[in-house]
There are 2 protein chains.
Amino acid sequence: MLRLHNSIRPAFRSRRWAHNIPTFSHLNSVNEEDIAHFSNILAPTSILSTLSSVSTPADDIAPYNIDWMGKYHGQANSVLRPRTTQQVSEIVKYCAQRKIGIVPQGGNTGLVGGGISLQKEIVLSLGAMNNVRSFDPVSGVLVADAGCILQSLSEYIAPHNHIMPLDLGAKGSCQIGGNVSTNAGGLRLLRYGSLHGTVLGLEVVLPDGTILDQLSTLRKDNTGYDLKQLFIGGEGTLGIVTGVSILTPPAPQATNNIFLALPRFDNVLPLFQTVKRQLGEIMSAFEYIDRTAYDMGLQHGLGPLLSADEVGDSQCFVLVETSGGNQDHDLEKLNSLLESLLTADEPLINTGVLSQSPTQFNSIWALREGLTECVQKEGKPYKYDVSVPLADFQNVVDAVRERMISKGLYGDHAISKVMGYGHVGDGNLHLNVIAKHGYRPELEAALEPFIYEIVADRKGSVSAEHGIGSMKRDALHYSKSEVSIEWMRKVKQVFDPLNIMNPGKVLP
Amino acid sequence: MLRLHNSIRPAFRSRRWAHNIPTFSHLNSVNEEDIAHFSNILAPTSILSTLSSVSTPADDIAPYNIDWMGKYHGQANSVLRPRTTQQVSEIVKYCAQRKIGIVPQGGNTGLVGGGISLQKEIVLSLGAMNNVRSFDPVSGVLVADAGCILQSLSEYIAPHNHIMPLDLGAKGSCQIGGNVSTNAGGLRLLRYGSLHGTVLGLEVVLPDGTILDQLSTLRKDNTGYDLKQLFIGGEGTLGIVTGVSILTPPAPQATNNIFLALPRFDNVLPLFQTVKRQLGEIMSAFEYIDRTAYDMGLQHGLGPLLSADEVGDSQCFVLVETSGGNQDHDLEKLNSLLESLLTADEPLINTGVLSQSPTQFNSIWALREGLTECVQKEGKPYKYDVSVPLADFQNVVDAVRERMISKGLYGDHAISKVMGYGHVGDGNLHLNVIAKHGYRPELEAALEPFIYEIVADRKGSVSAEHGIGSMKRDALHYSKSEVSIEWMRKVKQVFDPLNIMNPGKVLP
């Protein structure tokens, strides 16, 4: 099985990466003649190739052949950077005719190797298509080229008091077309929902070069099948997203957060219900951190947000964020929530803190957001990004720890820590397993497919928000039935009968 | 062309309905042998048929062969009412083998003839599959059989302080499976988004009888193509939705509304922006009523909410609803909004009223909701349910009126009123054209395809929320390109190569 995050193990990289690559005997490599043809479509500066007629320096091609983790190493000898949808269409038409594989690439910030050429496919980078096509400050509908960077779009609409409905750590590099193609989740999903709801329309170049223009700016349109949904999360295997129409919400006027210490994991779920009921529409995040993760954070200088006395033997912690329209109102709601929590007969929390300033607001978030970095310092992390029902959050973490204990692999000699944190509100658990002295095959063998199996057993998802790419193709069956996979194949076959569009991704 | 709402013109019914029916030479009628086979799958009480072996009285079959408007008259001689997904699967398998057309039917509250048998297809009613499968009060995820009535589901989750993310006039009869299959919009879309976002999973029986189980309860799951989206708004032409997993939001603690009179239509859009900014997350409806519609309402005894002096020469009106977590906070926000609106240098409103009691709250809504009934009293209405960009709302209404004037058809002798009202927040315009003395072919000829053309010209939708069904098949091209329709056909062909599943619907 593949490990989910495998960014820091060069020794194993080539072998593992290699065994997962299907053979593309149906595809042709890009040759000089092809480059000559592309020169009729694109400006010379839009073609990068190591072939002699172009002779791009290897360093200039490299960024398109390696993902940001440095985990996936692509084989493309040529990269095309079209500026218009028409150019994309002409390139794809030609590639279909010549049976050249195409890897659509956005900001190259994916975590599952979905944007990297596996063999001889050409990379089609959308980065040069980066114009905002329109923004309507009344409806909040933004229409943009696929290559627009998420943060640039946020900045574009900020003066109109709108925000993008999604936010990611990679926002400075990731592109909206890539966000849509991978159905990116991120920090605002709890509040604004998924891209399946916020994307109003798409422009897509299909694998035969046809331009499918469904770039609607309408919030409601019930005229036939909603085909655009297939490309949201399609990871570029059904077509290339070239334009996106998306509904952007009004910016909140006030944000606040609280940090709570809970006696037991059992308190998390009733707490979630209470908070949801009392804060209602202003709750914008509900994040979970278990005790192991919290203590690790403290050891690495995060916090402390609460004194050791206050924390006592709390088993876990919760961060709640609000985003509302009126600071006074939101604070009143938060204070009233805290008061009712602290004075309850059977308290769900031991203690809690409410941020009183932007600095405190940031330091509460810093504890949660700093965990990823701490994990890296602890050793080599096996990281799993899964969805499981809320009630199973800590069970999954505990089951993994027990498994390692039963195998004699728990302790400083092997797995030093097993911890969980993540988005309770979204059911998205980040399970982190730390190998203190580095990755070892027997550790991985103890973890996988065990973890996939317990996730599957709880009807969970082996990929909550990162997608499948090439990394999790072989784990797809843990979350999708044979029937589902068979119908995915049929859909792929209709859209891409030649299998030229991002071949070897998503489907096993 | 077809008129959009054609409920009250029996004289024309048969002819118009007839010319729109395609020939199903590929399908077989249901015969005694088929009924015998169905008897092996279903209990006797689950089979209704006029064939001699069953001899159901015609009156018992009739409700399945006529829609609630009395506009569409079906031809089915048999109705099956399965109780389990397995039964649905076995029925469909048999029908595929025998090439018997199937019309999936929910609460039969559709407006476009999507649930009525056109020729000899069998009706498969989901009404007997009406169990809640599970509800998780923590996550708010409800899993229910397709035949559950929307209002029953609302009542089921109400004690847990949750509400359904959609609400419709037909809630007492419509079924959740039908809601999903038609991608029903309704009154809560502005706040909670469309079913493409709130439906987490579906169980679908495909046209070959395969059960596609994607009944996930996960909020986040990025494992491959999101096939369920095709069945949301697929109108039963790609498969039969048998189970639905849906995210239900927490119930709001407080609801309020205001009614505003505006000097000019030009004020609507800046007002929408102002309200959205000031009310933020608590705004749950923003409804538009033009002066013609308001005056008509008054003549029929609605309101008055404002005195004639207050209204003056206001050109239009807006109803704003809030749903929030704290009545004091919400009222404070509303009062502050009203104050800033009334004291502005260039006021966007002439006057306004804020409901002070549940009675006043209801009477403000009564004006908006009562318009439909008033329209019926004024004459015979041509009703168009379209989406257009917000800026074009009144332009479309005015263009239609001017058209009728230019044709000499405006006045008590022909079209007495042209008016618009609807959901500004959703871009959904209800355009009503009243034929004082009844429907006449030359009136319709003046209206259509003129209206479809101006909607298309503004990149609007000829069906904002009602779907296509059999009624608007021939108008589909006004909102979808040839390319889009071609790809819809391809998708239909993959899922239903025998064309047995709701044949003659959606696709022209």
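A residue counts as buried when its relative accessible area is under 20%, as exposed when that area is over 50%, and as partly exposed in between. With that in hand, let's work through some exercises on this predicted model.

**Exercise 1. Decide whether A:Lys459 and A:Glu235 are buried or exposed, and describe the backbone of each.**

Solution.
- Step 1: Start with A:Lys459. Its place is in the loop between α17 and α18 of chain A.
- Step 2: The relative accessibility of A:Lys459 is 57%, so this residue counts as exposed.
- Step 3: Now take A:Glu235, found in the loop between α9 (228-231) and β9 (240-247) of chain A. With 7% relative accessibility, A:Glu235 is therefore buried.
- Step 4: Look at the backbone. A:Lys459 is not a glycine, yet its phi is positive, at about 55°. A:Glu235, not a glycine either, has a positive phi of about 55°.

**Exercise 2. Find how the record and the domain assignment divide chain A.**

Solution.
- Step 1: An unreviewed UniProt entry lists residues 72-251 of chain A as "domain: FAD-binding PCMH-type".
- Step 2: Over residues 72-251, chain A is 22% helix and 22% strand. The C-alpha atoms at the two ends of this stretch are 37 Å apart.
- Step 3: The domain assignment divides chain A into domain 1 (10-125), domain 2 (132-247), domain 3 (254-374) and domain 4 (379-466).
- Step 4: Between the centres of domain 2 and domain 3 of chain A, taken over C-alpha atoms, there are 32 Å.

**Exercise 3. Work out how chain A and chain B are related.**

Solution.
- Step 1: Two copies of a chain are related by a rotation about an axis and a shift along it.
- Step 2: Here, chain A is superposed on chain B by a rotation of 180°, with 0.0 Å of shift along the axis and an RMSD of 0.0 Å.
- Step 3: The two copies are thus related as by a two-fold rotation axis.
- Step 4: Both copies use the same surface, as 99% of the contact residues of chain A recur in chain B.
- Step 5: To locate the axis, look for A:Gly197. Of the residues of chain A, A:Gly197 comes closest to the axis, with its C-alpha at 2.1 Å.

**Exercise 4. Describe the surroundings of A:Ser461.**

Solution.
- Step 1: A:Ser461 sits in the loop between α17 (450-457) and α18 (482-495) of chain A.
- Step 2: Its relative accessibility is 0%, so A:Ser461 counts as buried.
- Step 3: Leaving out residues up to four places away in sequence, A:Ser461 touches residues of chain A, including A:Asp385, A:Val386 and A:Ser479. A:Ser461 also touches residues of chain B, among them B:Leu218, B:Lys220 and B:Thr223.
- Step 4: The side chain of A:Ser461 also reaches the backbone oxygen of A:Ser463, at 2.9 Å.

**Exercise 5. Find how many disulfides the structure has, and explain why A:Cys148 and B:Cys316 form no such bond.**

Solution.
- Step 1: A disulfide is a covalent bond between the sulfur atoms of two cysteines.
- Step 2: The sulfur atoms must lie within 2.5 Å for a pair to count.
- Step 3: For A:Cys148, the closest cysteine sulfur is in A:Cys174, 12 Å away, so the gap is too far for a bond. A:Cys148 is buried, with a relative accessible area of 3%.
- Step 4: For B:Cys316, the closest cysteine sulfur belongs to B:Cys374 at 18 Å, which is too far for a bond. B:Cys316 is buried, at 0% relative accessibility.
- Step 5: The search of the whole structure finds zero disulfides over all chains.
- Step 6: Have a look at B:Cys374 too, in helix α14 (residues 358-378) of chain B. This cysteine is buried at 2% relative accessibility and touches B:Met296, B:Gly297, B:His300 and B:Leu302, not counting residues up to four places away in sequence.

**Exercise 6. Locate the cis peptide bond before A:Pro449 and the one before B:Pro449.**

Solution.
- Step 1: In chain A, the bond from A:Glu448 to A:Pro449 is cis, with omega near 5°. A:Pro449 lies in the loop between α16 (441-447) and α17 of chain A.
- Step 2: In chain B, the bond from B:Glu448 to B:Pro449 is cis, with omega near 5°. The loop between α16 (441-447) and α17 (450-457) of chain B holds B:Pro449.

Terms used
Residues numbered from 1 in each chain as written. Chains lettered and ligands numbered in written order. Predicted model: local features only at pLDDT ≥ 70, side-chain atom pairs only at ≥ 80, totals over all residues. Heavy atoms only, no water. UniProt positions renumbered as here; feature names shortened; annotations may be inferred. Helix = DSSP H or I, 4+ residues; strand = E, 2+ residues; numbered from the N terminus. Domains from an automatic or database assignment. Buried < 20%, exposed > 50% of the residue type's maximum accessible area, 1.4 Å probe, protein only. Contact = heavy atoms within 4.5 Å. Polar contact = N/O pair within 3.5 Å; in protein donor to acceptor, adjacent residues only side chain to side chain. Least-squares fit on C-alpha atoms with pLDDT ≥ 70 in both.
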